[in-house]
Amino acid sequence: MKKLLAILTIFALVGGATALLMSNKQKQAQQIQEAQRPLPTTVSVSTVGRKSFTEAASYIGRTEYWREVHMNATTQGTIRSLNADLNGSVRENQPIVTVDTELTEIAVGQAEAQLKKAQADLNRYEALHRENNLPTADLESARLQVRTVETQLLTLRKQLRDAVIKAPIGGIVTEKPVERGMFIAPGSPLLTITDVSAVKVVVAVPEAELSRFRPGRSVAVDFDMYPGKTLTGTVYQIRLKGGETGRFPVEIRVANSAGHPLRVGMTASVSLPEAGTASGLAVPRSALVTTSKQPAVYVLKGDRISLRTIEPGASFGTTLLVQNGLQEGETVVVSGTEGLKDGQSVTVGGR
């Protein structure tokens, strides 16, 4: 009986120790999972509401290059010299590519000899034809031969002139698929030159407000890259083809400068001096997601966010009117949008 009690006691102790070990392992596993769980992202939010403004309206747009030329070869041969560097500047009419012309010069000499012989044959055939000793068909063939060789010679001489390729515009070399020593043929891509002496700021303007953007009119342009610095732009043209429904792209020329260099793809705000009245759904401008190709905001529902494309309207200071894409009472993220992803869980700061 005593032995049985001792055995039961041992089993009880072993079972208790095993249960304790299992409990500790579970606690450690939970602690490891909690430690590995990513920290929640904290954001600030704002509620979409209706607002009215009576002040100078502004329009958000992006910069585009002023001019761009894709250069293609019009002759063939090996590139003997190349006076252009990628991201380097070139001047208008600057010689940038020289093609080896040795074979073309040989072909020109041959064509000149052929033309001389063809003209001599034609003179002899005309004399024979006047004496009725040559059929008219043979005379016409001789004349055709002269015209054919003359055309070949003109083509070859043009290739000689085209052997020195000049920059059609001044600007920056943004593409350069060729190198010295490469063989090129007519149609081969050579260089792309982008003129950034000025940039075009393109803004979408409602149809009812197009009359305010007369070509030649001066407007104020502010760039996010240069806060507090207002530049002057000139309305260049209103594009014939509308973009978004009821809105037309307006091009505004802004001169580039070394003090405030402008690049393609920068965000800009174009302002008009006269006051105007506008109302509608409004969100802070900081709600715009800068990494999105189209204007968009993150909308919060519960603890998850979703990326939603919007149609922006006029901008008044730090507030942006929204034409379509949002409803009154919805919640949008206004800070901490960097690095967020569609469908991500977030925590609202201050709650």
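# A walk through the strands and helices

Start by selecting Thr 47 and Thr 331: in strand S18, Thr 331 is the bridge partner of Thr 47. Before moving on, bear in mind that this is a predicted model.

Now widen the selection to residues 41-47, strand S1, and residues 331-335, strand S18; the two run antiparallel and are joined by four bridges. Next, bring in the rest of their sheet. This open sheet has five strands in the order S15-S14-S18-S1-S19, and its pairing is mixed. At its edges you will find S15 and strand S19 (346-348), each of which pairs on one side only. Turn the view to follow the twist, which averages 50° from one strand to the next.

Stay at the S15 edge and select residues 296-309. Here strand S14 (residues 296-301) and strand S15 (residues 304-309) pair in the antiparallel sense, with six bridges. Which residue of S15 is the bridge partner of Lys 301? Click on Arg 304 to see it. The two strands form a hairpin with two residues between them, and in the turn Gly 302 has a positive phi of about 70°.

A short hop takes you to Ser 292, in the loop between strand S13 (267-284) and S14. Is Ser 292 buried or exposed? Its relative accessible area is 17%, so Ser 292 counts as buried. Add Thr 309 to the selection: Ser 292 and Thr 309 are 17 residues apart in sequence, and their C-alpha atoms are 8.9 Å apart in space.

For another hairpin, select residues 218-238. Strand S10 (residues 218-223) pairs with strand S11 (residues 230-238) in the antiparallel sense over five bridges. Six residues lie between the two strands of this hairpin, and Gly 228 in the turn has a positive phi of about 85°. Show the side chains of S10 as sticks. In a regular strand, side chains alternate between the two faces of the sheet. Along S10, Val 219, Val 221 and Phe 223 point to one face and are buried, while Ser 218, Ala 220 and Asp 222 point to the other face and are not buried. Pick out Val 221 and look across to S11, where Leu 231 stands opposite.

The next stop is an open sheet of four strands, in the order S6-S5-S3-S8 with antiparallel pairing. Its edge strands are strand S6 (164-166) and strand S8 (183-184), and each pairs on one side only. Within this sheet, select strand S3 (residues 77-82) and strand S5 (residues 95-99), which pair in the antiparallel sense over three bridges. Ile 79 has Val 99 of S5 as its bridge partner.

Time for some helices: select residues 102-130, helix H2, and residues 136-161, helix H3. Their axes come within 9 Å and cross at roughly 160°. Angles over 145 degrees count as roughly antiparallel, which means that H2 is roughly antiparallel to H3. The crossing of H2 past H3 is left-handed. Colour the residues by class, and the contact of H2 with H3 shows 14 nonpolar, eight polar and seven charged residues.

Finally, zoom out to the whole protein. Its secondary structure comes to three helices and 19 strands. How many of its 351 residues count as buried? The share is 35%. Among contacts between residues at least 6 apart in sequence, 72% join residues at least 24 apart.

Technical notes
Residues are numbered from 1 along each chain as its sequence is written. This is a predicted model: local features need pLDDT of at least 70, side-chain atom pairs count only at pLDDT 80 or more; totals for chains, interfaces and linings use all residues. Side-chain values use heavy atoms; hydrogens and water are left out. Axes are lines fitted to C-alpha atoms, for helices over the stretch in contact, and angles run from 0 to 180 degrees between N-to-C directions. Angles under 35 degrees count as roughly parallel, over 145 as roughly antiparallel, 65 to 115 as roughly perpendicular and the rest as oblique. A crossing is left-handed if the near helix is turned anticlockwise from the far one by less than a right angle, and right-handed if clockwise. Ala, Val, Leu, Ile, Met, Phe, Trp, Tyr, Cys and Pro count as nonpolar, Asp, Glu, Lys and Arg as charged, and the others, Gly among them, as polar. Two strands pair if DSSP finds at least two bridges between them. Buried means under 20% relative accessible area, exposed over 50%, partly exposed in between (1.4 Å probe, protein chains only). Contact means heavy atoms within 4.5 Å.
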